[in-house]
Amino acid sequence: MKTYQTLSYQDIASNATINSLGQQNDFVVQHLEDKGWGSLELRTLDHPHVYITEYKAELNGKYQLQYDVEQMLHSMNICMVLQGDIGLTLTDSKFNTNLSALQHHNIYANETAYSLWINQFVNVVHMAIDLDYYADLLCENDRWTAGMKERLLKKELVCNSDGQLNASMQQAIQTILRNPLTGNLKSLLIEAKVLEIAALQLNEFANPQTSDSSFMKMRSADVNLFHDLRIYLDQHFTDDLSLKALSKMFGLNEFKLKKGFKQLFNATVFEYIHEQKMNYSKQLLSDHGMFVNEVASLVGYKNPNHFSTAFKRKFGINPKGLK
């Protein structure tokens with residue numbers, strides 16, 4: 001099986017044989033192409049409170065594209081896949097998620113480095129919404145959105161995934177990309193459509209029972225199976241776990257595993273694993289006096305600096321401060 005080749009965005013930009021820059025419907029259009037890896041087209045619009053990107057990749061194989069973007073620290077990211085499949089891995093926390101065609105998610109991560117996993121072709125629309133602006137949209141009278149707002153303000157990892165792009169969301173995307181208006185009216189319409197997408201997305205994630213595509217009815221046997229999975233994770237969270245292996249072990253397909261676990265425990269499998277790792281690390285450091293590099297290795301971090309970053313993000317203190 002062909003493995004993923006690794007490219008940094010700096011490598012892509014510096015080695016491209018064609019690096020054209022133009023303007024189209026107020027979007028800045030950048031086209032990068034190289035015989036070795038393929039082509040990449042970016043259409044970007046810097047709008048008040050939101051930075052919009054349409055991302056088209058046509059690659060010559062499977063690639064891991066590495067990025068380091070300061071904007072990640074200050075924005076809620078909404079990703080919507082129109083065609084293809086794409087995976088995301090956060091470098092420090094090792095959190096990962098993926099989307100297929102006509103799916104969407106939102107994610108906030110208090111870290112800058114990440115990788116995108118692409119198998120030849122993908123067409124994605126990404127909106128980076130100013131974090132304070134987005135948080136102000138969340139209703140504090142609703143338990144679900146209030147909890148999400150609290151996590152955002154604490155700069156904790158937030159990810160709601162596997163949403164389905166319905167017709168209204170797809171139409172809003174096309175209006176943003178091909179807005180027929182000009183001047184202030186155009187700006188107002190774009191902001192309205194961004195808010196519409198954010199509202200439709202939040203409604204789907206906050207009220208999964210209103211959408212057959214995002215709510216999964218489970219038999220009692222399935223519920224027990226997911227509780228068995230959580231017990232297994234409690235005992236094996238330091239192992240090198242994958243969704244594929246867990247799916248095979250518990251007799252579930254990956255979609256059902258991800259959907260059911262998030263539905264029952266309000267956290268993805270890897271969010272749960274990360275939580276267990278951090279709590280166990282804190283116990284080892286404070287109660288057993290272990291060295292930081294020892295603890296990092298025990299919970300699966302090859303780089304102690306990545307562990308220290310994740311630990312400080314979780315507890316607000318450097319792990320060395322517990323010794």
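## A walk from the pocket to the cysteines

Start by selecting strand E6 (75–90), strand E7 (96–99), strand E9 (113–130), helix H7 (243–250) and helix H9 (269–287): each supplies at least two residues of the lining of the largest pocket. Helices (H or I, at least four residues) and strands (E, at least two) are DSSP runs, numbered from the N terminus. You're looking at a predicted model, where local features need pLDDT of at least 70 and side-chain atom pairs count only at pLDDT 80 or more, while totals for chains, interfaces and linings use all residues. Residues are numbered from 1 along each chain as its sequence is written, and side-chain values use heavy atoms, leaving out hydrogens and water.

**Stop 1: the pocket.** A pocket here is an open set of points on a 1 Å grid over the protein atoms alone, where a 1.4 Å probe fits, with protein on both sides within 12 Å along at least five of seven lines; lining residues have an atom within 4 Å of a point. The largest one has a volume of about 1,100 Å³, the volume being the space filled by probe spheres set on the points. Now pick Thr 89, Asn 96, Leu 241, Ser 242 and Phe 270, which lie nearest its centre among 36 lining residues. Which element gives the most to this lining? That's E6, with 5 residues.

**Stop 2: Phe 95.** Select Phe 95 in the loop between E6 and E7. Buried or exposed? Phe 95 is buried, at a relative accessible area of 3% (buried means under 20%, exposed over 50%, partly exposed in between, with a 1.4 Å probe and protein chains only). Add Val 269: the two C-alpha atoms are separated by 9.6 Å, though the residues are 174 apart along the chain.

**Stop 3: helix H8.** Go to residues 254–265. The 12 residues of H8 should span 16 Å at 1.5 Å a residue, and the end C-alpha atoms are 16 Å apart, so the two agree; the expected span is 1.5 Å times one less than the number of residues. At the N-terminal end, Asn 253 acts as a cap, with a side-chain oxygen 3.2 Å from the backbone nitrogen of Phe 255. Buried residues in H8 include Leu 257, Phe 261 and Phe 265. Just after H8 comes Asn 266, with a positive phi near 55°.

**Stop 4: the cysteines.** Click Cys 79, which is buried at 10% relative accessible area. The closest cysteine sulfur, in Cys 159, is 10 Å from the sulfur of Cys 79, so that's too far for a bond. Across the whole structure, a search finds 0 disulfides (pairs of cysteine sulfur atoms within 2.5 Å). Finish at Cys 139, partly exposed at 39%.

Definitions and conventions
A polar contact is a pair of N or O atoms within 3.5 Å; within protein, one must be able to donate a hydrogen and the other to accept it, and residues adjacent in sequence count only if both atoms are side-chain atoms.
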